[in-house]
There are 2 protein chains.
Amino acid sequence: MYRSHTCGELNATHINTTVTLSGWVQKSRDKGFMIWVDLRDRYGITQLIFDTERTPKDVVEKAKTLGREFVIQVKGSVIERESKNPNIATGDIEILVEELIVLNEALLPPFTIEDNTDGGEDIRMKYRYLDIRRNPVKNSLMFRHQVGMQVRNYLSNQGFIEVETPYLIKSTPEGARDFVVPSRMNEGQFYALPQSPQTFKQLLMVGGMDKYFQIVKCFRDEDLRADRQPEFTQIDCEMAFVNQEDILSIFEGMTRHLLKEIKDVAINKFPRMTYDEAMRTYGNDKPDIRFDMKFGELNAVAQHKEFKVFNDAELVVGIAVPGAASYTRKEIDKLIDWVKRPQVGALGMVYVKCNEDGSYKSSVDKFYDQDDLAKWAEATGAKAGDLICVLSGQTNKVRAQLSALRMEMAERLGLRNPEEFAPLWVVDFPLLEWDEETERYHAMHHPFTSPKPEDIPLLETDPGKVRANAYDLVLNGNEIGGGSIRIHDKNTQALMFDHLGFTPEEAKAQFGFLMDAFQYGAPPHGGLAFGFDRLVAILGGQETIRDFIAFPKNNSGRDVMIDAPAAIDNDQLQELSIQLSIQE
Amino acid sequence: MYRSHTCGELNATHINTTVTLSGWVQKSRDKGFMIWVDLRDRYGITQLIFDTERTPKDVVEKAKTLGREFVIQVKGSVIERESKNPNIATGDIEILVEELIVLNEALLPPFTIEDNTDGGEDIRMKYRYLDIRRNPVKNSLMFRHQVGMQVRNYLSNQGFIEVETPYLIKSTPEGARDFVVPSRMNEGQFYALPQSPQTFKQLLMVGGMDKYFQIVKCFRDEDLRADRQPEFTQIDCEMAFVNQEDILSIFEGMTRHLLKEIKDVAINKFPRMTYDEAMRTYGNDKPDIRFDMKFGELNAVAQHKEFKVFNDAELVVGIAVPGAASYTRKEIDKLIDWVKRPQVGALGMVYVKCNEDGSYKSSVDKFYDQDDLAKWAEATGAKAGDLICVLSGQTNKVRAQLSALRMEMAERLGLRNPEEFAPLWVVDFPLLEWDEETERYHAMHHPFTSPKPEDIPLLETDPGKVRANAYDLVLNGNEIGGGSIRIHDKNTQALMFDHLGFTPEEAKAQFGFLMDAFQYGAPPHGGLAFGFDRLVAILGGQETIRDFIAFPKNNSGRDVMIDAPAAIDNDQLQELSIQLSIQE
């Protein structure tokens, strides 16, 4: 037996009992006549004391040789600590050590195992097994487990069945790039790893499974943006005999449950907003509604004067930044530089200071009088003391730019409180979006999303205007889930493939099994999927997912700890009937 | 709203309420003046009645057009059924239909959606989404979900943390064949899909995670034997600061919990047996101990006469088949044919009938007298009325043959009751096993298994005799789990790799990260993994796993429903910097 207790559970009630503990040496202090060692395990830290008067001499000698991160086992008695530490659970006691066994020695770790480490990202990833010993990472992984258990228990109690769908499936050119797996037994053929279990969960609905969920790994071979992983985890759900309202209601319930159980936060409002309204009001389909700064469109009140920039613009739009009228000229110039950075891309910014005396001072005073500016203030909801920031240009671009500015100002003003949670449904997404590169329409969600029945005629006349029964769940400015009511009849699905540029033969080759299935009694169905990595990170009060993943990959898709991917044997290639195209 | 209730919940208490149901037409009976329809969903079957006197005429007409597996929605009132059906939960009531909506039509399914279907394996797999509508498959998948939830909740309550380990890892030539994934971003390099998360879970122990589990997909590119799948699911577990006893105790607890919660079976005995004893007593390292027929070794009492076959044999061994002394000569001849089949491989079989009068009648009476045969009866535990079956030859082979016969006789005698559960730990497995093909030792479990410290010197002198701290959990003659205490220091791991024929360079190239990790304070640790597919099947009273997997692959590794694997585009191959070796 390596331990009678963990390093996190002993307190004053255990005084005078004999205990055995095992763990890692967090640190030691050698005062000559006395040595203190902080012993750490997953559960906490317990202070050990080796005392030349009370501890056997050889044990004291051995204690002097202990280095950081040595793995040891000690036996001793629990005694009251002289100077108590109220910050830790075991702070009232310490262990007077009688026996000491070194279970394993340790080299000096390449970075300190502390909450605030001196290790940079690269070295921490190479030695991820040491990084995981640090509280911020360890606690994030344990937090992830708790969220996963809550999700599973909630959905299971609601009658959902977790069904495992296959990982070795078929590649489809639609959507993102697939990872593929050469098949040895089927020469020249490949499996693909799933980008999501989409078609399988729909087949489960055809199969009568009624309510399905799965917490499941998915794979996308994309050029990695920051904070994206080639393998990621999804909470995948599907329900039969439901309309959109049924689905929103179930997953609103799940979100409330998670926030209550995990964060002890009760959500009052759970608003819904159409995609159009989100774009108009926040310039963004995943608005952070923890704070205000709603967009005010100014075309009507800013395009009647000689200011050519605005007159030529498709959209003139502003936000009122609370309390920022006090910005100096220099501060405002820096802000203008900020919106002109390539990442934001604005050509310039017009501002209006709303002075405390009710007057306005703007960068376009020679074009607009106080009455004009008062109307701008009204449209943006600006109050005395606010700074109105106005951008103009092509609608989509200017909305994205002003949205970036809105988020930046909220960040600077401390309005993005990670312990406040504001969920939001965004509904009525467009069915299709125009792709500039390929010059055709793509499915905004995926090709299985059902158009709103009343919009189907628009498919012929104005495809971009067709709305879908599609919805996203947004939390604190992040899309954490999205889904739709699906097409469940062969004809609508064929129509959809047609509008996406599939020939009937291509549609049959790739999705014939699904269209066949629709002929054998497919029920109406729909669902959604949550990005589990991001959900956990946001619940954990963070915006980056990496510390909530035990062994993440870097931006080149490499695992630097195990050094993968790597070359494989020629024998292996031969067995798979493939060869490298490059010359070595 | 598609339904107010499911098809499994209405009973006499609902009489006179108006309800809406949705589901599939299981079958309909048209008596002219009345039509009955069985409406099915995941939850059950409810009888609908369309009555020319009480149901609107157009609804009756529409009902006449309903075919099997049509998806419909009905509104009507719950009424008492005239002839009640006590076999189903809703058997007291039926729905007098007022409104009928056909949600989707259905082609005639290619096999009947009944418990006993007329569909063969192939067609059922091609239309798996229809097969899942059948109770035996649907219930198996729901059962699997229940077992998964119980496992997760049990382990979580025991302090285990579920940690997701990566699916895109590194290929290692040791062990079974890997599935590999070409990396687009790292030209000429490949990921591998994990055969198990073995090294990652050990790194989690080095990382202080203390108790880890995961229900996780694993992958092996093997030539498929019957009832094996290229992707399968494992309950993977690891613990730090434990010895073998701690691990056996936790998972004995889990097994008892599952049997109690899932099957309401309380397990009294949970025996342990060494590998040597299992081989000697049952000829098998996963004995089914629900029944007796223990092996009796007969060398001492059968090799003193002129019977050359026995005298030349390394092992003479028999079992007493209860009650089989009554077998006719013809029946015994058929049994001898059975053991001589190539799948069993015996050269012949000697038998002894233990007559009710205490006398013996054997096939070798000219060599052995009644006293000799009495000693055989004693060694095999045979009683009056039993048939002693004796095989002889090379020890390993004859044990395997007699074990096969033992299982066959148990099957014939109805001793393998699927509702009786007899778990067993088999411990002290050999560390290494000799591989005839490569003429070297292989790790019996895997290269990370710890030898018993007292046996380490034998590594130099008699490697095959070294025992490992390795154990299997056996349930009803199936290995459902296996694990070991791991090596946790670099030197022992290097010694092990050396004995497995790795050069130090090879060991470093493949497992350098693990050996590095062992230098930074690795705790003693161990664990095990359960085959989840098989565990679920056995708990479900079945020996084949296929119906407990939603979308299984066939013996060529194909998913015949989606037709995968398949050819991929040349563009895709080019992006991955690979090409096919075969000429098309």
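**Exercise 1. The buried area**

Task: State how much area is buried between chain A and chain B in this predicted model, and which atoms contribute.

Solution.
Step 1. Start with the total. About 11,000 Å² is buried between chain A and chain B.
Step 2. Split it by atom. Carbon and sulfur atoms give 60% of that area.
Step 3. Look for the residues on the chain A side that lose the most area to chain B. They are A:E164, A:F241 and A:Y520. Together they make up 8% of what that side buries.
Step 4. Count the residues in contact. Chain A supplies 126 residues, and chain B supplies 126 residues.

**Exercise 2. Confidence**

Task: Find the scores that tell you how far to trust the prediction.

Solution.
Step 1. Take the scores for the model. The ipTM is 0.95 and the pTM is 0.95.
Step 2. Turn to chain A. Its average pLDDT is 95. In chain A, 99% of the residues score at least 70.
Step 3. Keep a rule of reading in mind. Predicted coordinates should not be read in detail where pLDDT is low.

**Exercise 3. Polar links across the interface**

Task: How many salt bridges and how many polar contact pairs cross the interface of chain A and chain B?

Solution.
Step 1. Count the salt bridges. Twelve cross the interface of chain A and chain B.
Step 2. Inspect one of them. A:D221 meets B:R184 through their side chains, at 3.1 Å from N to O. The cut-off for a salt bridge is 4 Å, so this pair qualifies.
Step 3. Count the polar contacts. There are 70 residue pairs across the interface, with both residues at pLDDT 80 or more.
Step 4. Ask which element leads on the side of chain A that touches chain B. Helix 4 (residues 135-157) of chain A gives the largest share, nine residues.
Step 5. Sort that side of chain A by class. It has 69 nonpolar, 27 polar and 30 charged residues.

**Exercise 4. Strands that meet across the chains**

Task: Which strand of chain A is joined to strand 23 of chain B, and in which sense do they run?

Solution.
Step 1. Name the strands. Strand 23 (residues 578-580) of chain A is joined to strand 23 (residues 578-580) of chain B.
Step 2. Give the sense and the count. The two run antiparallel, with three bridges.
Step 3. Pick out a pair. A:Q579 has B:Q579 as its bridge partner.

**Exercise 5. A salt bridge within chain A**

Task: Where in chain A do the two partners A:R133 and A:E69 lie?

Solution.
Step 1. Begin with the total. Over all chains, the structure holds 94 salt bridges.
Step 2. Take one of these. The side chains of A:R133 and A:E69 meet at 2.8 Å, N to O.
Step 3. Place them. A:R133 sits in the loop between helix 3 (128-131) and helix 4 of chain A. A:E69 sits in the loop between helix 1 (57-64) and strand 4 (71-80) of chain A.
Step 4. Note the separation. The partners are 64 residues apart, so the pair links distant parts of the chain.

**Exercise 6. An open sheet in chain B**

Task: Give the strand order of the five-stranded open sheet in chain B, and explain what is special about its edges.

Solution.
Step 1. Write the order. It is 12-13-16-14-15, with antiparallel pairing.
Step 2. Find the edges. Strand 12 (296-297) and strand 15 (360-362) of chain B each have a single partner strand, so one side of each has no neighbour in the sheet.
Step 3. Look inside the order. Strand 13 (residues 315-321) and strand 16 (residues 387-393) of chain B pair over seven bridges. Here B:L315 stands opposite B:G393.

**Exercise 7. Unusual backbone angles**

Task: Which peptide bond of chain A is cis, and which residue other than glycine has a positive phi?

Solution.
Step 1. Recall the background. Most peptide bonds are trans, and most residues other than glycine have a negative phi.
Step 2. Find the cis bond. It joins A:A564 and A:P565, with omega about 0°. A:P565 is in the loop between helix 16 (532-539) and helix 17 (570-575) of chain A.
Step 3. Find the positive phi. A:M293 has a phi near 50°. A:M293 lies in the loop between helix 7 (275-282) and strand 12 (296-297) of chain A.

Note on methods. Residues numbered from 1 in each chain as written. Chains lettered and ligands numbered in written order. Heavy atoms only, no water. pLDDT = per-residue confidence, 0-100. Contact = heavy atoms within 4.5 Å. Buried area = accessible area lost by both parts, 1.4 Å probe. Polar contact = N/O pair within 3.5 Å; in protein donor to acceptor, adjacent residues only side chain to side chain. Helix = DSSP H or I, 4+ residues; strand = E, 2+ residues; numbered from the N terminus. Nonpolar A, V, L, I, M, F, W, Y, C, P; charged D, E, K, R; others polar. Pairing = 2+ DSSP bridges.
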